[in-house]
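Me: I'm new to this one and would like to know what stands behind the labels people put on it. Can we go through them one at a time?

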Amino acid sequence: MPLGLDIPLSSKLALLLRRKLGKSGRTPSTRALAAATAQTAGGKPAMTHQVVNDLLNGVKDNPTTSQLVGLAKAFDCPIAYLLPGYNGLTSLSVYEGQQDAREALRLIHDLGEAGAAELLEAAREIRLRHGRSDLSVPEVPEQPPPAAEPPRPGRRRRLSFSEAAERAVSDLEGT
């Protein structure tokens, strides 16, 4: 059963997009994201770039199963994170990526709350032994602050009304 607030899919995708900065410091284009949804390299994408754009902007919020699988592949995240109510990217990533974590949960399945409490206490002790004294692990793993995205070549930044007026005055005065 899902836990937590219902964060919209577009907000989750925006967070994942910020985490996917390229080597140039820019976020990937919607065309690149759409291409990354293909099951095989160079294969047919699970969705068009327009569908990716609609999902990112919140215009569309109910993707098909194949589109969810493609988005999870493109953003390198667990599919469950894209579902309503599943907001713990950290725990879902551990669950999906580490067989031992799944085994630990399987072993406490029928032990109830007492078993879960013991596992939690043991995990806290292990964190302390490894020098991780902070017991609050974020739902989404922290990342370095994103660098300011440089303007893309060939596109002029849109000016505000006051900036346009100042530019017009300076052009008329010849300064």
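Me: What makes A46, M47, V51 and K60 contacts of Q67?
Reply: Contact means heavy atoms within 4.5 Å. Leaving aside neighbours within four places in sequence, Q67 meets that with A46, M47, V51 and K60. Bear in mind that this is a predicted model, where local features need pLDDT of at least 70, side-chain atom pairs count only at pLDDT 80 or more, and totals for chains, interfaces and linings use all residues. Residues are numbered from 1 along each chain as its sequence is written, and side-chain values use heavy atoms, with hydrogens and water left out.

Me: What makes the pair Q67 and K60 a polar contact?
Reply: The term asks for a pair of N or O atoms within 3.5 Å; within protein, one must be able to donate a hydrogen and the other to accept it, and residues adjacent in sequence count only if both atoms are side-chain atoms. The side chains of Q67 and K60 make theirs at 3.2 Å.

Me: Why is Q67 called buried?
Reply: Buried means under 20% relative accessible area, exposed over 50%, and partly exposed in between, using a 1.4 Å probe and protein chains only. Q67 has 9%, so buried is the word. Its place is helix α4, residues 65-75.

Me: And K12, buried or exposed?
Reply: Buried, because its relative accessibility is 2%. K12 sits in helix α1 and, not counting residues up to four places away in sequence, touches I7, Y81, L82, L83, P84, G85, Y86 and N87.

Me: Why does D76 get its label, then?
Reply: D76 is at 69% relative accessibility, so it counts as exposed. You'll find D76 in the loop between α4 and α5. Its phi is positive, near 50°, and D76 isn't a glycine.

Me: How many helices and strands are there?
Reply: The protein chain has 8 helices and 0 strands. Those are DSSP runs numbered from the N terminus: helices are H or I with at least four residues, strands E with at least two.

Me: How do you know that the length of α8 agrees with its residue count?
Reply: The expected span is 1.5 Å times one less than the number of residues. Helix α8 (residues 161-173) has 13 residues, so it should span 18 Å, and its end C-alpha atoms are indeed 18 Å apart. After α8 comes G174, with a positive phi near 80°.

Me: What makes a residue part of the lining of the largest pocket?
Reply: On a 1 Å grid over the protein atoms alone, a pocket is an open set of points with protein on both sides within 12 Å along at least five of seven lines, and lining residues have an atom within 4 Å of a point. The largest pocket holds about 1200 Å³ of space. It has 23 lining residues, and T90, S91, V94, L120 and A123 are the closest to its centre. The elements giving two or more residues are α5 (89-97), α6 (99-107) and α7 (112-129), with α7 giving the most, 6 residues.

Me: Which residues of α5 are buried?
Reply: L89, T90 and L92 are the buried ones in α5. What covers them includes α1 (9-18).

Methods:
On a 1 Å grid over the protein atoms alone, a cavity is a set of points where a 1.4 Å probe fits but cannot get out, and a pocket is an open set with protein on both sides within 12 Å along at least five of seven lines; lining residues have an atom within 4 Å of a point. Grid points are joined across faces, edges and corners, and a volume is the space filled by probe spheres set on the points.
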